[in-house]
Amino acid sequence: MVFRFRSMSQGDAEAIALWHYPEPFSFYDWAADGDDLAELLDPEARKDVYASVEDEACVLVGYFTFKPKAPGMLEIGLGLHPEKTGQGHGEAFLGAGLEYARRRFAPEEFTLAVATFNRRAITVYERAGFAPVRVYMHWTNGGEWEFVEMRSPA
């Protein structure tokens, strides 16, 4: 699958906001967290942070967020369309996003956070060179959840 990146349009944001993942991944549904949803739907808030990802047929298949943190560090977030998950696209999708980020932001290091129950994503991140740096509790989506922060040299 070929992945192309572009600035996220309002239509893309509204479509992504409606994505629904099967259990236990419904945790990642945008409707579950009002603050995150508000950011996604606000053109000013997402302007330089969110990127839409489409396939070779120009169909929206995912998104990335890119947030500069400490000097040289770029925090990434990502989501693959629910119908595309679990089909072996994760590594290529992540790889395309990291390459896009290298070209656009020239970071020295990437960081991301993932719920510890999401072993499928953690495996993809580890294969891409990410390593855990800490486990912590985080209040989100109506509850307190265990997350792992992972980092990788860019």
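Which side chain meets that of Lys 69 in a salt bridge? The legends below take up this pair and other charged contacts in a predicted model.

**Close-up 1. Lys 69 and Glu 75 in a salt bridge.** The answer to our opening question is Glu 75, with 3.6 Å from N to O. Lys 69 is partly exposed, at 46% relative accessibility. Glu 75 also counts as partly exposed, and its relative accessible area is 26%.

**Close-up 2. Arg 127 and Glu 91 join distant parts of the chain.** Here the closest N and O atoms of the salt bridge are 3.0 Å apart. Arg 127 belongs to helix 5 (residues 119-127), while Glu 91 sits in helix 4 (residues 90-105), and the two are 36 residues apart. Take a look at the surroundings as well: Arg 127 is exposed, with a relative accessible area of 58%, whereas Glu 91 is partly exposed at 41% relative accessibility.

**Close-up 3. Lys 47 paired with Glu 44.** In this view, a salt bridge brings the closest N and O atoms to 3.3 Å apart. Glu 44 has a relative accessible area of 58%, so this residue is exposed. Lys 47, at 47% relative accessibility, falls under partly exposed because exposed means over 50%.

**Close-up 4. A network of salt bridges.** Four residues come together in this last view: Arg 4, Arg 6, Asp 12 and Glu 54 are linked through salt bridges. If you would like to keep exploring, the structure holds 11 salt bridges, including the Lys 69 and Glu 75 pair that opened this tour.

Technical notes:
Residues numbered from 1 in each chain as written. Predicted model: local features only at pLDDT ≥ 70, side-chain atom pairs only at ≥ 80, totals over all residues. Heavy atoms only, no water. Buried < 20%, exposed > 50% of the residue type's maximum accessible area, 1.4 Å probe, protein only. Helix = DSSP H or I, 4+ residues; strand = E, 2+ residues; numbered from the N terminus.
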